[in-house]
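Work through the exercises below with the model open. Try each task before reading its solution.

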Amino acid sequence: MSFDLYLIVESVPLMLSGIGITLKLLVISAFLGLLLAILLLLMRISGKWYLDWPAQVYIYVFRGTPILVQIFIVYYGFPQFEFIRDSIFWPILREPAGCAIVALSLNTGAYVSEILRGGVLGVGKGLLEAGSALGMSARQKFIYITTPIAVRLALPAYSNDVISLLKSTALASTITIADMTGIARTIVAETYAPYEIFISMAIIYMAFTWVLQKSFGLIEGYLGRYAKREA
Amino acid sequence: MSASDADPLIQMQNVDKFFGDFQALKNINLEVHRGERIVVCGPSGSGKSTMIRCINRLEEHSAGRIIIDGNELTDKVKDIDAVRREVGMVFQSFNLFPHMTIAKNLMIAQQLVRKTPKGQAREIAMHYLERVKIPEQADKYPIQLSGGQQQRVAIARALCMQPEIMLFDEPTSALDPEMISEVLDVMIDLANDGMTMIVVTHEMGFARSVADRVIFMDAGEIVEEAKPEEFFDNPVHERTKLFLSQILAH
Ligand SMILES: Nc1ncnc2c1ncn2[C@@H]1O[C@H](COP(=O)(O)OP(=O)(O)O)[C@@H](O)[C@H]1O
Ligand SMILES: [Mg+2]
């Protein structure tokens with residue numbers, strides 16, 4: 001078997017034309033997932049069982065099932081229901097990209113809420129007592145003490161999750177979406193050259209991951225500036 | 001509503017505190033008048049922290065009454081807020097907010113709780129930083145300061161809220177020996193200014209020179225309460241004698 005360099009040169013730009021869709025899946029799902037994660041987190045730490053329990057069940061279900069299955073359920077399963085087809089969400093769920101974004105957001109939200117909760121639990125009890133002793137309300141303590149410290153504590157795990165979300169977006173190609181992976185699969189089907197194509201694709205994802213990692217590294221450095229002794 | 005000067009600033013009447021089945025405070029009765037300096041000592045686990053933490057409601061007492069400057073501590077948030085505005089607290093582990101500069105540590109509660117404008121809050125912060133003799137550290141982060149400096153910042157932070165009462169829970173126990181005196185000096189300075197103070201400490205030199213009364217606790221009870229000279233030279237109870245012999249032995 002020969003390794004066709006020319007094919008790589010030819011197909012990389014094609015695959016890169018799917019980067020827009022991959023980016024769209026990543027950014028929108030990360031954003032919606034984060035909002036969902038914050039909501040789940042607030043339910044988890046509310047101290048009210050009727051909020052905590054549903055959040056726990058939700059997290060258990062979405063962490064306990066494969067993301068691919070979740071995508072299939074949203075894409076193939078939801079349209080079976082009349083009430084979904086009649087709902088305001090139908091224009092979104094009718095589109096494969098909409099389904100992918102919904103599934104990815106629902107999934108990442110479950111993971112990220114647990115990551116955030118880890119950050120919240122890592123905030124020293126003594127700091128909150130100091131806040132109380134100074135007369136700060138529960139809300140003020142949450143906003144000015146818990147949140148900034150928890151965000152810094154959670155960031156390394158969160159950046160991992162975003163990187164793993166990037167790779168999950170590749171699953172969107174299974175429901176006809178022409179993201180980078182989708183395009184690569186089409187090229188492979190036409191050229192019968194899986195090695196060249198999939199290896200170039202792997203390199204593109206790695207480059208993408210590198211950019212994400214570096215960006216998060218910068219944010220971590222900035223947020224952690226107070227945790228280092230030398231100024 | 002402020003009680004007259006003749007009334008005690010702090011009144012604890014028959015206070016009990018349970019953690020589950022475990023009784024951490026047993027029938028505590030304590031009165032502290034304006035300007036009084038009280039030192040509390042006793043073995044580890046005897047309830048010293050629990051007692052002073054009940055005063056600003058970091059712990060909720062299970063029975064009895066606690067009245068601070070005429071405000072009784074009840075479940076009402078309003079009462080708790082009123083009491084916390086009058087009571088400052090310094091912890092063994094400093095508990096400075098690590099993500100805020102020293103100045104911001106001193107300003108944040110002024111701005112949020114007292115609604116002091118930023119500029120004025122900063123002025124007050126600098127005033128108290130000068131008082132604890134570290135104004136030059138204002139723009140650093142807590143981790144860049146030594147333990148002794150951090151504890152002085154913590155004292156200044158509490159003072160920025162202009163409390164009537166200051167509670168200290170073993171403020172020098174986490175410090176390297178060479179830093180203890182810089183913190184005690186600040187506390188002595190505060191005492192000389194007439195601040196009402198309750199200090200949990202085993203620094204017996206401080207107790208002797210500053211305290212109006214020394215309280216000895218054991219197993220959740222106040223066992224002995226006396227002026228420092230009587231307390232150290234003629235303790236009445238066996239448990240006090242035993243404790244003092246252990247403390248003074250090293
Ligand atoms: N939050 C808590 N839950 C259960 N037990 C506690 C709690 N806080 C303190 N205690 C118990 O109450 C007793 C008194 O504690 P504390 O007031 O911290 O003692 P001291 O400050 O004199 O060392 C100890 O036996 C301690 O284990
Ligand atoms: Mg203690």
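Helices here are DSSP runs of H or I with at least four residues, numbered from the N terminus. The model is a predicted one.

**Exercise 1. Place A:Ile187 and state which residues it touches.**

Step 1. Find the element. A:Ile187 sits in helix 10 of chain A, residues 180-191.

Step 2. Check the accessibility. Buried means under 20% relative accessible area. A:Ile187 has 8%, so it is buried.

Step 3. List the contacts, leaving out residues up to four places away in sequence. A:Ile187 then touches A:Ser11, A:Leu14 and A:Met15, and also A:Tyr192 and A:Ile197.

Step 4. Take one C-alpha distance. A:Phe198 is 11 residues from A:Ile187 along the chain, and their C-alpha atoms are 9.8 Å apart.

**Exercise 2. Give the strand order of the open sheet in chain B and find its edges.**

Step 1. Read the order. Four strands of chain B form the open sheet, in the order 2-1-4-5. Their pairing is antiparallel.

Step 2. Find the edges. Strand 2 (22-32) and strand 5 (71-72) of chain B each have a single partner strand, so one side of each has no neighbour in the sheet.

Step 3. Recall what holds such strands together. Strands of a sheet pair through backbone hydrogen bonds, either parallel or antiparallel.

Step 4. Look at one pair. Strand 4 of chain B, residues 63-68, pairs with strand 5 of chain B over two bridges, in the antiparallel sense. Opposite B:Ile67 stands B:Glu72, in strand 5 of chain B.

**Exercise 3. Find the residues other than glycine with a positive phi in the loop between strand 6 and helix 3 of chain B, and say whether they are buried or exposed.**

Step 1. Start from the general rule. Most residues other than glycine have a negative phi.

Step 2. Take B:Phe94. Its phi is near 65°, a positive value. B:Phe94 lies in the loop between strand 6 (87-90) and helix 3 (102-113) of chain B.

Step 3. Take B:Asn95. Its phi is also positive, about 55°. B:Asn95 belongs to the loop between strand 6 and helix 3 of chain B.

Step 4. Compare each with the cut-off of 20%. B:Phe94 has 12% relative accessibility, so it counts as buried. B:Asn95 has a relative accessible area of 9%, so it is buried too.

**Exercise 4. Describe the largest cavity and its lining.**

Step 1. Search the whole structure. One cavity of 30 Å³ or more turns up. The largest cavity holds about 60 Å³ of space.

Step 2. Name the lining. From chain A come A:Ala130, A:Ala133 and A:Leu134. From chain B come B:Gly88, B:Met89, B:Phe91, B:Phe94, B:Ala154, B:Arg157 and B:Ala158.

Step 3. Assign elements. Helix 8 (125-133) of chain A, strand 6 of chain B and helix 5 (147-159) of chain B each supply at least two lining residues. Helix 5 of chain B gives the most, with three residues.

Step 4. Sort by type. The lining has eight nonpolar residues, one polar and one charged.

**Exercise 5. Count the disulfides and explain why B:Cys54 is not in one.**

Step 1. Set the cut-off. The two sulfur atoms must lie within 2.5 Å.

Step 2. Count. The total over all chains is zero disulfides.

Step 3. Test B:Cys54. The closest cysteine sulfur is that of B:Cys41, 19 Å away, which is too far for a bond.

Step 4. Add the accessibility. B:Cys54 is buried, at 0% relative accessible area. B:Cys160 is buried as well, at 1%.

Conventions:
Residues numbered from 1 in each chain as written. Chains lettered and ligands numbered in written order. Predicted model: local features only at pLDDT ≥ 70, side-chain atom pairs only at ≥ 80, totals over all residues. Heavy atoms only, no water. Buried < 20%, exposed > 50% of the residue type's maximum accessible area, 1.4 Å probe, protein only. 1 Å grid on protein atoms, 1.4 Å probe; cavity = no way out; pocket = protein on both sides within 12 Å on 5 of 7 lines; lining within 4 Å. Points joined across faces, edges and corners; volume = space filled by probe spheres on them. Nonpolar A, V, L, I, M, F, W, Y, C, P; charged D, E, K, R; others polar. Pairing = 2+ DSSP bridges. Contact = heavy atoms within 4.5 Å.
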